[in-house]
Amino acid sequence: MNEQKLINLIGEIGRLLLKHGAEIYRVEESLLRMCKSYGYLNVEVFALPSYFTLTIEMHDNHTYTLSKRTQQNRVNLDMVYELNNLVRYTCQECPDYIHLKSKLEKIKNTPINMPLVFLGYGLGTGFFTTFFGGGIHETIIAVGIGFILYFFIWLMEILEINNLVSTLLSSMVLT
């Protein structure tokens with residue numbers, strides 16, 4: 001098995017964890033555990049919300065460093081759950097590269113339930129309006145604004161607008 005390909009695949013799992021909203025400690029711990037399960041002893045991981053560096057001493061005593069950065073991060077807890085299961089499976093079974101890659105591809109190709117996300121934006125805004133004392137009219141308006149916000153954020157992602165500019169424009173639309 002080619003060690004660099006395996007480490008790159010482990011790094012891709014870490015990148016996807018970051019991209020879909022996993023906590024920093026979870027990304028670091030997952031990468032560390034997967035590498036140690038394959039017998040790598042000197043493993044260092046440093047992660048930030050959109051970037052991580054993984055340094056490993058390979059079995060032939062050479063050092064290999066991998067850096068990954070994510071763009072367009074969006075919380076998807078279903079994806080984090082599936083990736084966590086893959087990490088656990090990897091730590092227990094140490095599958096070969098091809099098997100691990102096929103499992104990761106299956107997870108990556110899982111479609112997002114967009115109608116459910118759409119519904120969540122509307123119901124979330126409606127709930128908080130009611131929670132903070134709004135009446136039925138305000139709640140209905142808030143649900144509509146939640147739907148508009150969803151479509152606006154979705155459009156910003158398609159156009160690959162910078163996160164700072166996207167947040168600024170989203171705030172302007174909400175106002």
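In the predicted model, Asn 84 touches Leu 17, Arg 26 and Ser 30, leaving aside residues up to four places away in sequence. Asn 84 itself is located in helix H3, which covers residues 77-93. The relative accessibility of Asn 84 is 10%, and because buried means under 20%, Asn 84 counts as buried.

Leu 17 falls within helix H1, which comprises residues 3-19, and Arg 26 and Ser 30 fall within helix H2, which comprises residues 24-37. Both of these helices also lie across strands of a sheet. Helix H1 lies across S1, S2 and S3, and runs at about 30 degrees to S3. Helix H2 lies across S1 and S2, with an angle of about 160 degrees to S1.

The sheet is open and consists of three strands in the order S1-S2-S3, with antiparallel pairing. Strand S1 (43-48) and strand S3 (63-69) each have a single partner strand and stand at the edges, so one side of each is left without a neighbour in the sheet. On average, neighbouring strands of this sheet are turned by 10 degrees against each other, direction ignored.

In general, the strands of a sheet pair through backbone hydrogen bonds, in either a parallel or an antiparallel manner. Here, S1 pairs with strand S2 (residues 51-57) in the antiparallel sense, over six bridges. Within this part of the sheet, Glu 44 has Thr 55 in S2 as its bridge partner.

Notes:
Residues numbered from 1 in each chain as written. Predicted model: local features only at pLDDT ≥ 70, side-chain atom pairs only at ≥ 80, totals over all residues. Heavy atoms only, no water. Pairing = 2+ DSSP bridges. Helix = DSSP H or I, 4+ residues; strand = E, 2+ residues; numbered from the N terminus. Axes fitted to C-alpha atoms, helices over the stretch in contact; angles between N-to-C directions. Contact = heavy atoms within 4.5 Å. Buried < 20%, exposed > 50% of the residue type's maximum accessible area, 1.4 Å probe, protein only.
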